[in-house]
Amino acid sequence: MHGVATEKVPGGKFLRIRVDYEDVIKHVSITGDFFLHPEEFIEKIESALFGIDVNDSQENIENVVKEVIKNNSIEIIGIDAEAIARNVKAAIASEG
């Protein structure tokens, strides 16, 4: 299954998340007009979400994203870990 969620983050930027999943997340694509430095580290965030149970809470997903950001000294401007987690859950719920 797959789902997509799109949001204009309040006070921020456009964010689109695509999720392929079964019982767990198989693939995540995070795109939008936000800024991330270093740019290639978006893949670290996407990879960290692989294998997370689709029924896991938004809070737990947010904590995974925060941990990756912290451990890799990633700077994100225009979105945050909460927006990513919220849209991962919305993409799973959209199932389409």
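Valine 19 touches Met1, His2, Gly3, Ile25, His27, Val28, Val88, Ala91 and Ile92, if residues up to four places away in sequence are not counted. I should say at once that this is a predicted model, and that what follows describes that model. Valine 19 also belongs to the largest nonpolar core, which has 31 residues. Within that core, Val19, Ile30, Ile45 and Val88 touch the most other members. E2, E3, H1, H2 and H3 each supply at least two of the core residues, and the largest share, seven residues, comes from H3. As a general remark, nonpolar side chains in soluble globular proteins tend to be buried together.

Let me turn to the sheet. Three strands form an open sheet in the order E1-E2-E3, and their pairing is antiparallel. E1 and E3 are the edge strands, each pairing on one side only. On average, neighbouring strands of this sheet are turned by 15 degrees against each other, with direction ignored. H3 packs on the sheet and touches E1, E2 and E3. The direction of H3 makes about 50 degrees with that of E2. Between E1 and E2, which run antiparallel, there are seven bridges. Across this pair, valine 4 stands opposite arginine 18 in E2.

The loop between E1 and E2 holds glycine 11. Is glycine 11 buried or exposed? Its relative accessible area is 92%, over the 50% cut-off, and therefore glycine 11 is exposed. Glycine 11 and isoleucine 79 are 68 residues apart in sequence, yet their C-alpha atoms are 8.9 Å apart in space.

I come now to helix H3, which covers residues 81–94. Why do the end C-alpha atoms of H3 lie 20 Å apart? The helix has 14 residues, and at 1.5 Å a residue it should span 20 Å, so the distance in the model agrees with the expected span. The buried residues of H3 are Ala81, Ala83, Ile84, Ala85, Asn87, Val88, Ala91 and Ile92. Their cover includes strand E1 (2–8), strand E2 (14–21), strand E3 (25–32), helix H1 (42–49) and helix H2 (58–71). In general, an α-helix has 3.6 residues a turn, so residues three or four places apart point the same way.

Among the buried residues of H3 is asparagine 87. Its relative accessible area is 3%, which is under 20%, and so asparagine 87 counts as buried. Which residues is asparagine 87 in contact with, leaving aside its neighbours within four places in sequence? They are Ala5, Thr6, Glu7, Leu15 and Ile17.

A second residue to consider is glutamate 62, found in helix H2. With a relative accessible area of 13%, again under 20%, glutamate 62 is therefore buried. Apart from neighbours within four places in sequence, glutamate 62 is in contact with Ala81, Glu82 and Ala85.

Finally, I consider the pair H1 and H2. Two packed helices are described by the angle between their axes and the distance between the axes. For H1 and H2 the angle is about 145 degrees, and the axes are 9 Å apart. The crossing in which H1 passes H2 is right-handed. Where they meet, H1 contributes Lys44, Ile45, Ala48 and Leu49, while H2 contributes Ile61, Val64, Val65, Val68 and Ile69. Ile45 brings us back to the largest nonpolar core, as one of the four residues there that touch the most other members.

Methods
Residues numbered from 1 in each chain as written. Predicted model: local features only at pLDDT ≥ 70, side-chain atom pairs only at ≥ 80, totals over all residues. Heavy atoms only, no water. Helix = DSSP H or I, 4+ residues; strand = E, 2+ residues; numbered from the N terminus. Expected span 1.5 Å × (residues − 1). Buried < 20%, exposed > 50% of the residue type's maximum accessible area, 1.4 Å probe, protein only. Contact = heavy atoms within 4.5 Å. Pairing = 2+ DSSP bridges. Axes fitted to C-alpha atoms, helices over the stretch in contact; angles between N-to-C directions. Core = buried A, V, L, I, M, F, W, Y, C linked by side-chain atoms within 4.5 Å. Left-handed = near helix turned anticlockwise from the far one by under 90°.
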